[in-house]
Amino acid sequence: MLSMTMEEQEPKLIEHGSKEKHNKDMHMHNLNPNPSQAIMRLASLAISFNVRLKSSDMPVHMQEHALRHTRSLIPLHPPSPKPTNTHIARALKKEFDSKYGLAWHCVIGKSFGSFVSHTGGGFIYFSIDSLSVLLFKTEVHLVTQPPPP
């Protein structure tokens, strides 16, 4: 089993020379953490949220966003009213549309099959508790004139 402390999950800052360079380097290390650290942070997050990542073609920070936002939509305690799958799917789609541009699609359910085409870097499939979540982005092409007859 994987376990980490909060200090191990956060990217480490490395000191470099002068104060100006140090501040710039600190900022860069926060934006681009070591890939293995980012993956470990994602794994720790998945374990703590009871998530099984099944397939992904998405940057780690977007995967984290999808897991965090989905977990925030599903109450942990039974007395809370549970939102419908449709409500969760719409909320997750809206969140990704507003943050990462339009044309996101979301399917949520306990049992479904799918075959989808997606843009590169825009696909994640995971389960959280007993629900499966498929979130993907497609390309949008503007139609400037009607097709010829």
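How many bridges join β2 to β4, and in which direction do the two strands run relative to each other? Strands β2 and β4 are joined by 6 bridges and run antiparallel. This is a predicted model, in which local features need pLDDT of at least 70 and side-chain atom pairs count only at pLDDT 80 or more, while totals for chains, interfaces and linings use all residues. Residues are numbered from 1 along each chain as its sequence is written, and side-chain values use heavy atoms, with hydrogens and water left out. Helices (H or I, at least four residues) and strands (E, at least two) are DSSP runs, numbered from the N terminus.

**The sheet**
- The open sheet has 4 strands in the order β1-β3-β4-β2 with antiparallel pairing, where two strands pair if DSSP finds at least two bridges between them.
- Its edge strands, each pairing on one side only, are β1 (51-57) and β2.
- Within the β2 and β4 pair, Trp 104 stands opposite Lys 137 in β4.

**Helix α5**
- Helix α5 (residues 85-100) has 16 residues and should span 22 Å at 1.5 Å a residue (1.5 Å times one less than the number of residues), which agrees with its end C-alpha atoms being 22 Å apart.
- The buried residues of α5 (under 20% relative accessible area, 1.4 Å probe, protein chains only) are Ile 88, Ala 89, Ala 91, Leu 92, Phe 96, Asp 97 and Tyr 100.
- These buried residues are covered by elements including α4 (60-73), β2 (104-109) and β4 (131-137), with contact meaning heavy atoms within 4.5 Å.
- Just after α5, Gly 101 takes a positive phi of about 95°.

Key. Buried means under 20% relative accessible area, exposed over 50%, partly exposed in between (1.4 Å probe, protein chains only).
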